[in-house]
Amino acid sequence: MQKIKSVAVLLLLSFCSVQLFSQLTHQPGEFTRADTLRGTITPERSWWNVTKYDLTCSFDFNKRSIAGKNIIAYQVLSTPTKEMQVDLQVGLDIDSVILDGKSLMFRRDGNAYFVSVPQNQEIKAIKNIIVYYHGIPRPAIRPPWDGGVIWSKDKSGNPWISVACQGLGASVWYPCKDHQSDEPDSASVTMIVPDTLVAISNGRWRSTIKNGDGTTAYTWAVTNPINNYNIIPYIGKYAHWHEDFAGEKGKLDCDYWVLDYNLDKAKEQFKQAAQMLKCFEHWFGPYPFYEDGYKLVEAPHLGMEHQSAVAYGNNFANGYRGTDLSETGWGLKWDFIIVHESGHEWFGNNITSNDVADMWVHESFTNYSETIFVTCEFGKEAGNDYVIGTRSRIQNKLPVQGPYGVNQEGSGDMYYKGGNMIHTIRQVINDDEKFRKILRGLNGKFYHKTVDGADVKQYISKEAGIDFSKVFDQYLNNVQIPVLEYKIEGKKITYRWTNCINGFDLPLKVQAGGAAFWISPTQRWKKLKVKQAVTEFSVDRNFYVEIKKVN
């Protein structure tokens with residue numbers, strides 16, 4: 001997987017002190033060794049780069065257990081340390097590790113294994129290490145938020161199995177290098193399941209082999225880079241249909257897999273997928289994974305952006321579980337999971353953050369993809385209504401930006417606040433065609449790459465010709481909403497920024513005396529003379545700021 005940053009910079013960032021606090025369970029100073037092992041490019045990770053996972057796994061529904069092997073292909077980047085870190089979470093155990101036909105020694109440290117490896121491996125060589133494992137993986141409690149392996153049954157009583165592991169980590173169900181910065185360039189998944197069930201995974205179907213013992217092996221594969229947490233099994237009594245989408249790069253294979261008794265209503269609801277693809281290709285560029293196709297797969301949880309096999313569990317209804325997150329009415333006119341989770345194919349799967357601390361790159365842009373979709377379907381003012389309506393869900397208790405190197409995201413405001421930040425930036429650019437080119441440019445510049453949040457910020461500022469660094473700092477690293485204070489004295493309006501970072505720089509479109517115009521506030525009072533006395537002064541609603549009249 002091609003990366004924007006060097007290994008040296010990754011190491012530097014990973015070992016930085018924790019500069020912010022967390023969204024969920026951690027408070028400052030509460031991070032553990034396990035957090036560091038998971039979130040850091042350790043010396044035992046830095047010398048090798050994953051190139052492919054070839055995973056084979058069998059599932060025992062009655063015992064809630066799995067067993068299998070992962071052939072990890074890797075490239076040697078530098079002289080190996082004495083050990084290689086392979087992640088596998090407690091509940092699962094490594095049985096053996098094989099390299100060049102020889103069994104290697106290994107030790108466990110919580111959710112990480114350290115495998116003793118020869119240090120004479122040739123630089124740039126591609127090697128294969130085989131990791132055999134088994135066990136009872138962590139079960140999902142409240143997927144997809146509290147993840148793990150999902151052992152459920154459909155309404156007919158058939159086993160229905162999947163995994164949700166974003167944040168928790170793919171090592172909850174298979175051994176891997178469980179760090180977001182290192183994606184395999186391709187992957188293959190073979191699932192051994194009872195003959196009565198069907199198994200689906202990412203990418204394209206490769207083979208179905210009857211084993212003659214009551215089980216069948218289904219193999220699927222992707223030929224593009226993929227996040228660890230996106231590699232997912234779906235096992236159940238599935239039915240399938242296929243459609244072609246005429247996209248920007250030609251024919252895109254679209255395949256839909258749902259439980260057999262949901263086929264008719266799924267065919268009706270999933271018509272929205274073509275509308276989504278048309279809209280997003282226009283705004284974001286071609287679907288990033290034509291080689292692997294696009295799939296929606298019904299899942300035993302609400303949904304997740306599993307690359308080329310998007311998980312769907314929204315009950316074939318519009319809205320978000322039947323509700324409108326914007327409370328404007330627009331959110332009930334389309335299926336949230338189809339739109340939002342598919343939006344991640346561009347932001348999250350095509351462009352991936354190196355560290356989960358920068359998950360706003362995934363979630364803020366994908367949140368804004370909802371506004372883009374509403375705009376495509378119902379017009380620009382409807383889109384504006386939608387994104388502004390979501391502001392009521394912003395909490396402003398913790399920063400959107402998370403701490404680096406400890407596998408910790410920032411706050412949930414990365415969704416609605418992040419989307420409104422992007423909407424505000426769009427207003428300042430004040431040219432929707434340029435804004436669209438920037439969104440498409442991001443997906444071209446960082447095509448199939450992992451990035452830092454700083455890379456995205458710099459690209460937007462450069463292409464817009466506007467320095468947005470203070471805007472990003474304000475909305476990502478701080479919880480205050482900027483306040484425009486103003487005074488009216490006849491034909492004179494005085495204004496300034498307060499409740500903001502030093503040097504905050506955000507031009508505003510305002511209205512006074514029936515006229516709309518732009519101002520460039522600072523933290524010092526500025527004066528503006530108008531042609532006639534005014535009594536009202538307002539900021540365009542599309543800017544995520546507050547306004548306050550003072551005496």
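A nonpolar core is here a set of buried Ala, Val, Leu, Ile, Met, Phe, Trp, Tyr and Cys residues joined through side-chain atoms within 4.5 Å. In this predicted model, the largest such core has 93 residues. The residues with the most contacts inside this core are F270, Y294, W360, L442 and L508. A second core, separate from the largest one, comprises 63 residues, among them W151, C165, Y174 and V297.

W360 also takes part in a helix-helix contact. Two packed helices are described by the angle between their axes and by the distance between the axes. For helix 7 (residues 360-378) and helix 11 (residues 453-464), the angle is about 45 degrees and the axes lie 10 Å apart. Helix 7 is therefore oblique to helix 11, since the angle falls neither under 35 degrees nor within 65 to 115 degrees. On the side of helix 7, the contact is formed by W360, V361 and F365; helix 11 contributes G453, V456, K457 and I460. Classified by residue type, the contact of the two helices has five nonpolar residues, one polar residue and one charged residue.

L508, named above for its contacts in the largest core, belongs to strand 26 (residues 508-512). In a regular strand the side chains alternate between the two faces of the sheet. In strand 26, L508, V510 and A512 make up the covered face, whereas K509 and Q511 make up the uncovered face. Strand 26 pairs with strand 27 (residues 515-519) in the antiparallel sense over five bridges. Pairing of strand 26 with strand 29 (residues 537-539) is also antiparallel, over three bridges. V510 has a partner in each of these strands: V510 stands opposite F517 in strand 27, and its bridge partner in strand 29 is V539. Strands 26 and 27 form a hairpin with two residues between the strands. In this hairpin, G513 adopts a positive phi near 60 degrees.

An open sheet of four strands shows mixed pairing and the strand order 28-25-24-30. Strand 28 (526-529) and strand 30 (546-549) stand at the edges. Each of these edge strands has a single partner strand, so one side of each is left without a neighbour in the sheet. Direction ignored, neighbouring strands of the sheet are turned against each other by 25 degrees on average. Strand 24 (residues 483-489) runs parallel to strand 30, and four bridges join the two. Within this part of the sheet, L484 stands opposite I547 in strand 30.

T498 is located in strand 25 (residues 492-498). T498 counts as buried because its relative accessibility is 18%, under the 20% cut-off. Apart from its neighbours within four places in sequence, T498 contacts P482, V483 and E485.

A further buried position is A217, which lies in strand 15 (residues 215-222). The relative accessibility of A217 is 10%, and A217 therefore counts as buried. With neighbours within four places in sequence left aside, A217 is in contact with T190, M191, I192, S207, T208, I209 and N211. One of these contacts, S207, is ten residues from A217 in sequence, with a C-alpha to C-alpha separation of 7.9 Å.

Terms used
Residues are numbered from 1 along each chain as its sequence is written. This is a predicted model: local features need pLDDT of at least 70, side-chain atom pairs count only at pLDDT 80 or more; totals for chains, interfaces and linings use all residues. Side-chain values use heavy atoms; hydrogens and water are left out. Buried means under 20% relative accessible area, exposed over 50%, partly exposed in between (1.4 Å probe, protein chains only). Contact means heavy atoms within 4.5 Å. Axes are lines fitted to C-alpha atoms, for helices over the stretch in contact, and angles run from 0 to 180 degrees between N-to-C directions. Angles under 35 degrees count as roughly parallel, over 145 as roughly antiparallel, 65 to 115 as roughly perpendicular and the rest as oblique. Ala, Val, Leu, Ile, Met, Phe, Trp, Tyr, Cys and Pro count as nonpolar, Asp, Glu, Lys and Arg as charged, and the others, Gly among them, as polar. Two strands pair if DSSP finds at least two bridges between them.
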